[in-house]
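Trainee: I would be grateful for a close look at the salt bridges of this structure, with the residues that take part in them. Please then place that part beside other features of the chain.

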Amino acid sequence: MSPLHTRVRFIMVSPTHPGNVGSAARAIKNMGFGDLVLVNPKDSGILAHEEALALASGAADILETAQIAPDLDTALTGITLAFALTARTRDMGPPSLDIRQTAQLSRTHLNNHTDTRIAIVLGTERTGLDNDDISRCHRICHIPANPSYSSLNVSQALLLAAWELNYAMQAPPTARHISTTAPAAASQSLSTVTQELTDRPDRLLSTPAQGYTDIADRDYAPAEKVEAFINHWESALIGIDFLNPNHPKKLMPRMRYMFTRIHMTQEEVDMMRGVCTNILKTVYRP
């Protein structure tokens with residue numbers, strides 16, 4: 001396990017099937033990772049369930065060290081870049097990346113900042129992630145699949161995500177070359193494609209994430225600091241009568257998406273909390 005691998009967390013929200021948890025643990029260990037967190041599982045003893053242990057098949061240590069969190073906010077503690085893995089498109093939410101872009105961005109983020117951690121967040125087996133879960137993530141990521149049947153089993157989706165992350169983190173600074181050696185019976189078209197990829201190894205990589213650049217000298221705020229600010233911001237909006245808590249409509253979800261999309265630094269969080277504090281002092285001044 002490389003130093004980068006130790007800073008990756010896989011979060012399963014409200015898992016119901018022990019077998020999927022066991023299979024997820026196996027996938028995590030297969031790809032060199034070790035951090036698994038379950039959010040409010042249906043069965044509090046799911047990590048020790050017979051089926052989970054059977055399907056973990058040699059990865060019981062991942063189950064033994066896995067954590068159970070009461071909510072997603074707790075599971076995201078210490079995370080500076082969170083990805084919501086979902087197959088569904090959303091009318092409102094963070095920008096969307098494919099899983100290969102996600103892996104590349106994760107590698108860049110972890111390499112640029114030694115004190116950062118990333119998380120892949122997966123939803124429940126039946127319904128996936130809800131909008132509230134997604135609003136707590138910086139980006140949506142998806143696995144390109146058959147458009148008419150794109151829903152993957154949660155442990156399969158986790159395995160594919162873990163593979164992409166592992167591959168990206170093992171890659172050298174420049175894109176990998178692939179061998180041009182092909183069986184004699186290989187078709188000319190395959191040989192041509194192989195040669196093109198060798199000449200242009202960047203084609204092996206997905207298009208870089210659009211609209212996002214990880215900046216090396218930015219001190220990105222961890223999830224719990226951003227969440228504390230958003231709660232403070234909500235109180236300030238209520239204080240100036242901009243937000244009616246009895247009829248909030250979609251104001252706070254839209255605000256949350258805005259703040260997670262810009263990926264706030266700790267300095268920005270501190271600045272905005274100062275604004276909130278002064279708003280509330282002014283509103284409630286005797």
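Mentor: The account below begins with the salt bridges and then turns to the cysteines, the backbone and the surface. The model is a predicted one, and the distances and accessibilities quoted here are computed from it.

A search of the whole structure finds nine salt bridges. Arginine 136 is a suitable place to begin, as one member of a network of salt bridges that links Asp73, Asp132, Arg136, Glu227 and Arg256. With aspartate 73, arginine 136 forms a salt bridge in which the closest N and O atoms are 2.7 Å apart. The two partners belong to distant parts of the chain, 63 residues apart: arginine 136 sits in the loop between helix H6 (131-134) and strand E7 (139-142), while aspartate 73 sits in helix H4 (residues 72-75). Their surroundings can be described by accessibility. Arginine 136 has a relative accessible area of 15% and is therefore buried, since buried means under 20%. Aspartate 73, at 26% relative accessibility, counts as partly exposed.

Arginine 136 also forms a salt bridge with glutamate 227, and here the closest N and O atoms are 3.5 Å apart. This pair, too, links distant parts of the chain, for arginine 136 is in the loop between H6 and E7 and glutamate 227 is in helix H9 (residues 223-239), 91 residues apart. Both arginine 136 and glutamate 227 are buried. The loop that carries arginine 136 is thus tied by salt bridges to helix H4 through aspartate 73 and to helix H9 through glutamate 227.

Another salt bridge joins lysine 29 and aspartate 61, with the closest N and O atoms 3.0 Å apart. Lysine 29 lies in helix H1 (residues 18-30) and aspartate 61 in helix H3 (residues 60-65), so that the pair links distant parts of the chain, 32 residues apart. Lysine 29 is partly exposed, at a relative accessible area of 36%, and aspartate 61 is likewise partly exposed, at 34%.

The cysteines call for a separate remark. A disulfide is a covalent bond between the sulfur atoms of two cysteines. With a cut-off of 2.5 Å between the sulfur atoms, the count comes to zero disulfides. Cysteine 137 shows why a bond is not assigned to it: the closest cysteine sulfur, in cysteine 141, is 8.6 Å from its own sulfur, which is too far for a bond. Cysteine 137 is buried, with a relative accessible area of 0%. The value for cysteine 276 is also 0%, and this residue is buried.

A further contact concerns the backbone. Isoleucine 99 lies in helix H5 and, at 7% relative accessibility, counts as buried. Its C-alpha atom is separated by 7.1 Å from that of glutamate 164, although the two residues are 65 residues apart along the chain.

Two loop residues have backbone angles that deserve attention. Most residues other than glycine have a negative phi. Serine 57, however, has a positive phi, near 45°. Serine 57 is found in the loop between helix H2 (50-56) and H3, and it is partly exposed, with a relative accessible area of 42%. Aspartate 241 likewise has a positive phi, near 65°. Its place is in the loop between H9 and helix H10 (251-262), where aspartate 241 counts as exposed at 70% relative accessibility.

Finally, two patches may be described on the surface. Asp115, Asp219, Glu267 and Asp270 form a negative surface patch. Within it, aspartate 115 lies in the loop between helix H5 (99-112) and strand E6 (118-122), and at 57% relative accessibility it counts as exposed. A nonpolar patch is formed by Ile240, Phe242, Val283 and Tyr284, which together have about 420 Å² of accessible area. Valine 283 has its place in helix H11 (residues 266-283) and, at 33% relative accessibility, counts as partly exposed.

Technical notes:
Residues are numbered from 1 along each chain as its sequence is written. This is a predicted model: local features need pLDDT of at least 70, side-chain atom pairs count only at pLDDT 80 or more; totals for chains, interfaces and linings use all residues. Side-chain values use heavy atoms; hydrogens and water are left out. Patches are made of residues with over 30% relative accessible area and no salt bridge: like charges are joined within 9 Å, nonpolar side chains (Val, Leu, Ile, Met, Phe, Trp, Tyr) within 5 Å. Accessible areas come from the Shrake-Rupley method with a 1.4 Å probe; for residues, only the protein chains shown count as cover. A salt bridge is a side-chain nitrogen of Lys or Arg within 4 Å of a carboxyl oxygen of Asp or Glu. Lys and Arg count as positive and Asp and Glu as negative; His and the chain ends are not counted. The place of a charge is taken as NZ of Lys, CZ of Arg, CG of Asp or CD of Glu. Helices (H or I, at least four residues) and strands (E, at least two) are DSSP runs, numbered from the N terminus. Buried means under 20% relative accessible area, exposed over 50%, partly exposed in between (1.4 Å probe, protein chains only).
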